[in-house]
Amino acid sequence: MNRRRLLSIVLKELRQLRRDKRTLRLFLIAPVIQLTFFGYAISTDLKGVKLGVVIEDPSPEARRLVDAIVATRAFDLIPTASARPDDLRPWLDTGAAQIALHIPPGFARALARGQAPVVQVLSDGSDSNTATLAFQYLSGAARVWASRERQDYLRRHPSQAVRFARVPQVNLEPRFWYNPDLKSVDFQIPGVLALILLALGASQTSLMVVRERELGTLEQLSVTPIHAWELLVGKTIPMAGAGLVMTLLITVVAYVWFHVPLRGSIPFLLIAATLYLLNTLGIGLLISVISRTQLQAQITTSFLMTPLIMLSGFLFPIANMPQWAQWLTVILPTRYYMEVVRGVFLKGQGAAELWPQAVVLAILGVLLYLGGILSFRKRVD
Amino acid sequence: MSAAEWVVETEGLTRRFDGFVAVDHLTLRVPRGSIFGFLGPNGSGKSTTIRMLCGLLKPSEGRAVVNGFDIERHPEPLRQSLGYMSQRFSLYPDLTVRENLEFYGGVYDLEPGPLAERIEQVFDQLRLREHGNDLTAALPLGWKQRVALGAAMLHQPPVLFLDEPTSGVDPASRRMFWEILDSLAVGGASIFVTTHVMDEAERCDLLGVMYGGHLIAQGTPAALKEAFPGFLYHVDAAPLLEALEAARRLPFVADAAMFGDALHVTLPADDPERLRRELESAGVTVRDLRRISPTLEDVFVQLIALRERAAEGAEGGGR
């Protein structure tokens, strides 16, 4: 290895980067835009679902059920004065409501007799995500309401308590650990780290290498004594540096601005980021091997980014994917880094819990990076 | 002459691209310390040859030794001992002239101290100091070409390969560029240069002419002109275009070509009066007709024309 040749490349890259105001701006703006998107715009929290209610049993119990549902703050009640069961279908058909609740006559009476009252829920399944989530919120609200009703009943009829006391009671009180408020911001903002480092590694690296091919400087370098790996390592070192700076930047913004809890080890986060960068830079190098123009590199990058992000668990849980897709995620570095980032931010984990992910990231990273360097041909034919 | 005196030596050097032969069994010897001009029409195999000699392309067949290093067996010392200027611009436009040179110096493993001195030398030699701290992108083409030459010669390679270094450069810059090449050759460097410009070819010590992947002529400019087949006449006639057509129709005319505002006509025998008679009987006024010695351009055009005619003949005979 020749240190001077390597350092010449690093110095050259830094000098070029310093003059490339557009890319520098991009480095700064891209994380801000992504943080804004995932911090404010895109949310998997349920909010503002339009709910239509038909109450054919104007009892206090029915009223309390609706109150419990409203208390979830997930729903907007559409104005439903004097609504009748015939309204239910048109609501869904016209989109006036996304979900509709029908409380039939005899609701309170059934309750008083100790029977389980029946209510009907109709939901617009064309947006299955919202429908599923809304249904879960509704069930949750119904459970809360039911347990309150029961306590209320026992308070008013203490004589019955003896009878009930014999029946073992299961009281479901869901408590979400690590992200107690179930705020999707807390879940997604750390994920932006994985996204940005992927974009930086894959896109910027491949562009930088392919640009030299387009410029003709790659051919010029091919007649010099420099080795392909010196060139590529030299080019990726400044990128890795930029990646670590951005990791710190995003971490600070996530903590200070978005109040994402940061419970775990920051040094471990940086070590994992370095290992993850080895992966993304390797992907970038591999893309540059097969691309002759910057446009080709860009298209290949976006083609690869989609599965890398979609299957990483960033937006959709891996456990919800079909079996074959779950197997596929085993080789995706994005998946492991996502686990590390969320572990460090939300669970307060560090090397003790996340070392397996770090080891896999290291193995995949070495394979991708070496693969990129070895398949890069120094000769330009 | 011993092998060490050849700076480039090829034997049967061949390169094929998908069924087409760009360089066809080229055997070439270039003496050390000379400026070797590599001529030939576009697509004749000049650049492919240079790219093989620099180690950028693998030969399909044959061998070549550059500065004593077999291009396939010793690529590493070969790279350290040559400088290359491709047809394409090969500098970083977003670096200054000095930064470009510093970068290439580092790539050639020059130590910082000596490199800084060497850059000063190159600045003086190539007259680059004035724009040393300017971005390369902002320089006129003539300057850029000088910077590219500077980058190629920074590590003082014994061999320089320059592929059309002056294409698109204005005459003044072109002249300056060649003065620099002359001084480098005086300093002992061997220069292998391709060009389409005949007054540049005139400045070379030795010329090789490529056509269809073959070396069809080699020698000093004087020797090539000496070997011009037939007799060349300068014909000032009116109307010029009709004169050209008439001359070409004449069976005893070997070649006729437009040359400025006159014709250059080649006859196998020294019989200018017959040419004058025939042209005038074709209705052309001949104002001046005199024998001249051929320029390199005449030699070049003639060589190519002969080859083309031979190729057409072979094709016609085959039918």
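In this predicted model, Lys12(A) is buried, with a relative accessible area of just 2%. A value under 20% counts as buried, so Lys12(A), at 2%, falls in that class. The residue is found in helix H1 of chain A. Leaving aside residues up to four places away in sequence, Lys12(A) touches Glu212(A) and Lys235(A), and from the partner chain Tyr92(B), Leu95(B) and Phe103(B).

These contacts lead on to the interface as a whole. Chain A brings 30 residues to the contact and chain B brings 34 residues. The size of an interface is often given as the accessible area lost when the parts come together. Between chain A and chain B, the buried area is about 3000 Å², and carbon and sulfur atoms give 51% of this area.

Charged and polar pairings are worth a look as well. Between chain A and chain B there are 7 salt bridges. One of the salt bridges joins Arg51(B) to Glu219(A), with the closest N and O atoms 2.6 Å apart. Across the interface, 16 residue pairs are in polar contact, both residues being at pLDDT 80 or more.

On the side of chain A that touches chain B, at least two residues each come from helix H1 (3–19), helix H8 (184–215) and helix H9 (217–222). H1(A), the helix that holds Lys12(A), gives the largest share of this side, with 9 residues. By residue class, the side of chain A that touches chain B comprises 14 charged, 9 polar and 7 nonpolar residues.

Key:
Residues are numbered from 1 along each chain as its sequence is written. Chains are lettered from A and ligands numbered from 1 in the order in which they are written. This is a predicted model: local features need pLDDT of at least 70, side-chain atom pairs count only at pLDDT 80 or more; totals for chains, interfaces and linings use all residues. Side-chain values use heavy atoms; hydrogens and water are left out. Contact means heavy atoms within 4.5 Å. Buried area is the accessible area (1.4 Å probe) that two parts lose on being put together, summed over both. A salt bridge is a side-chain nitrogen of Lys or Arg within 4 Å of a carboxyl oxygen of Asp or Glu. A polar contact is a pair of N or O atoms within 3.5 Å; within protein, one must be able to donate a hydrogen and the other to accept it, and residues adjacent in sequence count only if both atoms are side-chain atoms. Helices (H or I, at least four residues) and strands (E, at least two) are DSSP runs, numbered from the N terminus. Ala, Val, Leu, Ile, Met, Phe, Trp, Tyr, Cys and Pro count as nonpolar, Asp, Glu, Lys and Arg as charged, and the others, Gly among them, as polar. Buried means under 20% relative accessible area, exposed over 50%, partly exposed in between (1.4 Å probe, protein chains only).
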